Amino acid sequence: MEWQTNKQLGIRVTLGIMAWLAVFDLLIMWIAAQLPVSPLTFVISLLVLGSLPVFALLTYWLVGLRGSGYMLDRNMLTIVWGPLEQVIPMEAIERAVPGREVAGRLGFRGAFWPGLWVGQGKAEGVGPTLFYAATARREDLVFVVTPGLAYAISPAEQAKFLEAFNQRKAMGPTQKVEQTSRRPAWFDWPLWSDRLAWSLVGLAAVALVLLAGVLAWRFQGLPEMIPLHYNLQGVPDRVEPRAEVFVLPLIGLLALLLNGSLGGVAYQRQERFVAYLLWAGALLVQALLWVACLQVVI
């Protein structure tokens with residue numbers, strides 16, 4: 001039997017947060033366009049870039065909420081949350097407790113706003129808990145308790161769900177089911193825990209951000225025309241308007257994106273040495289761009 005969640009409020013609030021974030025980005029980008037290049041424009045650019053991962057995370061939570069629901073039969077309870085699926089054998093469930101009966105302290109880490117409660121925490125009297133709920137009220141939760149872990153869910157018809165659960169629990173299972181957690185394969189990529197990979201990519205990214213910051217800081221002090229290339233005798237053979245100096249971080253960004261993506265593909269194909277070379281190459285490009293930058297700003 002399938003049980004729906006009251007997802008509409010959460011969807012509207014999440015879309016509202018995303019809309020406000022987009023408006024904020026557009027507003028500060030418009031402000032930056034009216035200002036001369038300075039450290040302030042650099043900070044605004046960082047704010048816009050920093051909002052992109054937040055936007056991606058909100059999109060992921062929205063997808064999970066839209067695809068949320070629960071399935072219950074005599075053998076198991078299945079929690080579906082977008083691409084995630086938790087299968088809990090009925091025989092492993094000790095009890096199902098309505099949220100109004102869990103009155104103690106409730107620690108929580110994750111997404112929490114009207115219509116959405118997704119993350120992990122610890123409920124007093126229940127223990128460690130995973131939350132997959134389309135609500136912001138504790139009274140709407142049902143704590144499904146198993147040895148060592150509980151699951152907080154929010155079926156739209158709580159009373160009917162609890163009645164159905166108790167009936168099926170009393171009837172007993174007809175077959176044995178393994179407790180499993182299913183999620184997209186990319187959750188378990190070894191890349192996420194590879195320190196060398198993240199060190200190389202992280203250093204390249206930090207070098208790129210600092211390069212752009214230094215150029216924004218020194219831009220107003222640069223002459224209107226600047227040398228961007230020197231011949232073998234050290235004589236400038238390419239002089240451009242000073243705005244062209246921002247070609248340097250643009251090159252660095254393209255190198256980071258290209259080498260980073262190709263390195264990721266190589267890594268997933270078990271060609272890790274090639275991946276490390278590509279990521280190290282991105283870092284080397286940033287170092288060379290720093291040399292070019294120092295020639296311009298010093």
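1. A quick definition before anything else: a residue counts as buried when its relative accessible area is under 20%. Please also keep in mind that this is a predicted model. With that cut-off, strand 10 (residues 149–153) comes out mostly covered, as four of its five residues are buried.

2. Who are the neighbours of strand 10? On one hand there is strand 8 (residues 127–133), which runs parallel to strand 10 and is joined to it by four bridges. If you want a spot to look at in the viewer, try Tyr 132, which stands opposite Ile 153 of strand 10.

3. The other pairing to check is with strand 9 (residues 142–146), antiparallel to strand 10 and held over five bridges. Here Val 145 faces Ala 150, the latter in strand 10. Strands 9 and 10 form a hairpin with two residues between the strands, and in this hairpin Gly 148 has a positive phi near 90 degrees.

4. Now to the open sheet. Five strands make it up, in the order 1-2-3-4-11, and the pairing is antiparallel. Strand 1 (2–3) and strand 11 (180–182) sit at the edges with a single partner strand each, so one side of each has no neighbour in the sheet.

5. At the strand 1 end, the link to strand 2 (residues 68–72) is antiparallel and consists of two bridges. Trp 3 is the residue to click on there: Tyr 70 in strand 2 stands opposite. Helix 2 (residues 39–66) packs on this sheet, with contacts to strand 2, strand 3 (76–81) and strand 4 (84–89), and its direction makes about 40 degrees with that of strand 2.

6. Helix 3 (residues 158–171) deserves a look too. It lies across strands 1, 2 and 3, and its angle to strand 2 is about 30 degrees.

7. Last item, the surface. Phe 24, Leu 27, Trp 30, Ile 31, Leu 35, Leu 40, Val 43 and Leu 47 form a nonpolar patch there, with about 730 Å² of accessible area together. Helix 1 (8–34) and helix 2 are the elements that give two or more residues to the patch. Helix 1 provides the largest share, four residues.

8. One patch member to finish on: Val 43, which belongs to helix 2. Is Val 43 buried or exposed? Neither label fits, because its relative accessible area is 42%, which makes Val 43 partly exposed. That value still qualifies for a patch, where the cut-off is over 30% relative accessible area.

Terms used: Residues numbered from 1 in each chain as written. Predicted model: local features only at pLDDT ≥ 70, side-chain atom pairs only at ≥ 80, totals over all residues. Heavy atoms only, no water. Pairing = 2+ DSSP bridges. Contact = heavy atoms within 4.5 Å. Axes fitted to C-alpha atoms, helices over the stretch in contact; angles between N-to-C directions. Patch = residues over 30% accessible without salt bridge, like charges linked within 9 Å, V, L, I, M, F, W, Y side chains within 5 Å. Areas by Shrake-Rupley, 256 points an atom, 1.4 Å probe, with all protein chains shown as cover. Salt bridge = Lys/Arg side-chain N within 4 Å of Asp/Glu carboxyl O. Buried < 20%, exposed > 50% of the residue type's maximum accessible area, 1.4 Å probe, protein only.
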